[in-house]
Amino acid sequence: MMCGGLLSLKHFFVRYKKGVNTMQINLSELLTVPGKSMTYTQPVEMEQFHGPAADYPVTEKQPAELTITHTEKKKLRLEGKAHLTLLMPCDRCLEPVPVPFSLPLSEELDLETGDEEGAEEQEEHPYIQGYLLDVDQLITNELMVNLPMKVLCREDCKGICPRCGQNLNHGDCGCDRVAPDPRMAAIQDIFQRFHTDNG
């Protein structure tokens with residue numbers, strides 16, 4: 001269930017928690033020995049997810065589990081998982097809905113790059129700053145590409161009344177919600193004029 005607007009995601013990646021101290025993993029120890037692997041249980045600090053259309057509160061979260069391996073010449077393989085829940089509005093009635101996410105984390109990182117390649121690497125992996133890995137930013141990237149296309153409080157959600165705005169799941173509002181057929185509008189107008197002229 002992926003969100004369709006992937007083209008502009010990089011703009012959202014780089015703005016997340018700019019200037020805020022976050023939980024980071026120092027990767028320099030891994031780089032001392034090729035083949036070295038370390039496992040981390042990293043707390044998630046994120047209290048709110050800044051999405052492309054809105055901000056969503058994080059209501060539940062578990063520490064991220066990460067295994068990072070130095071494969072060769074400052075190249076790293078990252079594997080892990082993260083679990084958290086966002087409070088998102090129902091697309092029909094706008095009531096808040098807890099939406100759980102189980103995110104598999106899998107990345108190949110190259111920390112031995114030149115200036116130009118390093119800039120491209122930074123754009124592709126904005127959660128890496130030098131030898132520091134920002135766990136919250138890593139999870140934010142995964143959330144961006146795993147947002148649901150539609151959120152419903154229930155499959156048979158009745159939505160809201162287009163006239164008064166009442167949540168129809170809580171009961172009928174009594175408004176006349178039958179939309180007139182636009183093809184009959186001209187005929188109805190003729191009848192109204194006829195009755196007015198002969199009234």
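A salt bridge here is a side-chain nitrogen of Lys or Arg within 4 Å of a carboxyl oxygen of Asp or Glu. The structure holds four salt bridges, and the views below visit some of them after a look at the whole chain. The model is predicted, so local features need pLDDT of at least 70 and side-chain atom pairs count only at pLDDT 80 or more, while totals for chains, interfaces and linings use all residues. Residues are numbered from 1 along each chain as its sequence is written, and side-chain values use heavy atoms, leaving out hydrogens and water.

**View 1. The whole chain, with four helices and nine strands.**
Helices (H or I, at least four residues) and strands (E, at least two) are DSSP runs, numbered from the N terminus. Starting at the N terminus, the order of elements is α-β-β-β-β-β-β-β-α-β-β-α-α. Of the 199 residues in the chain, 32% are buried; buried means under 20% relative accessible area, exposed means over 50%, and partly exposed lies in between (1.4 Å probe, protein chains only). A contact means heavy atoms within 4.5 Å. Take the contacts between residues at least 6 apart in sequence: 60% of them join residues at least 24 apart. The accessible surface of the chain is about 12400 Å², and carbon and sulfur atoms account for 53% of this area. Such areas come from the Shrake-Rupley method with a 1.4 Å probe; for residues, only the protein chains shown count as cover.

**View 2. Lys61 and Glu47 joined by a salt bridge.**
The side chains of Lys61 and Glu47 meet at 3.0 Å, N to O. This pair links distant parts of the chain, 14 residues apart: Lys61 belongs to strand β4 (residues 55–61), and Glu47 sits in the loop between β2 (37–42) and β3 (48–50). Lys61 is partly exposed, with 33% relative accessibility, whereas Glu47 is exposed at 54%.

**View 3. A salt bridge between Asp110 and Lys75.**
Here the N to O distance is 3.8 Å. Asp110 is in strand β7 (residues 96–110) and Lys75 is in strand β6 (residues 75–89), so their pairing ties together parts that are 35 residues apart in sequence. Look for Lys75 at the surface too: its relative accessibility is 30%, so Lys75 counts as partly exposed.

**View 4. Asp156 paired with Arg154 in a salt bridge.**
The closest N and O atoms of Asp156 and Arg154 are 3.0 Å apart. Asp156 counts as exposed because its relative accessibility is 52%. Arg154, at 35%, counts as partly exposed.
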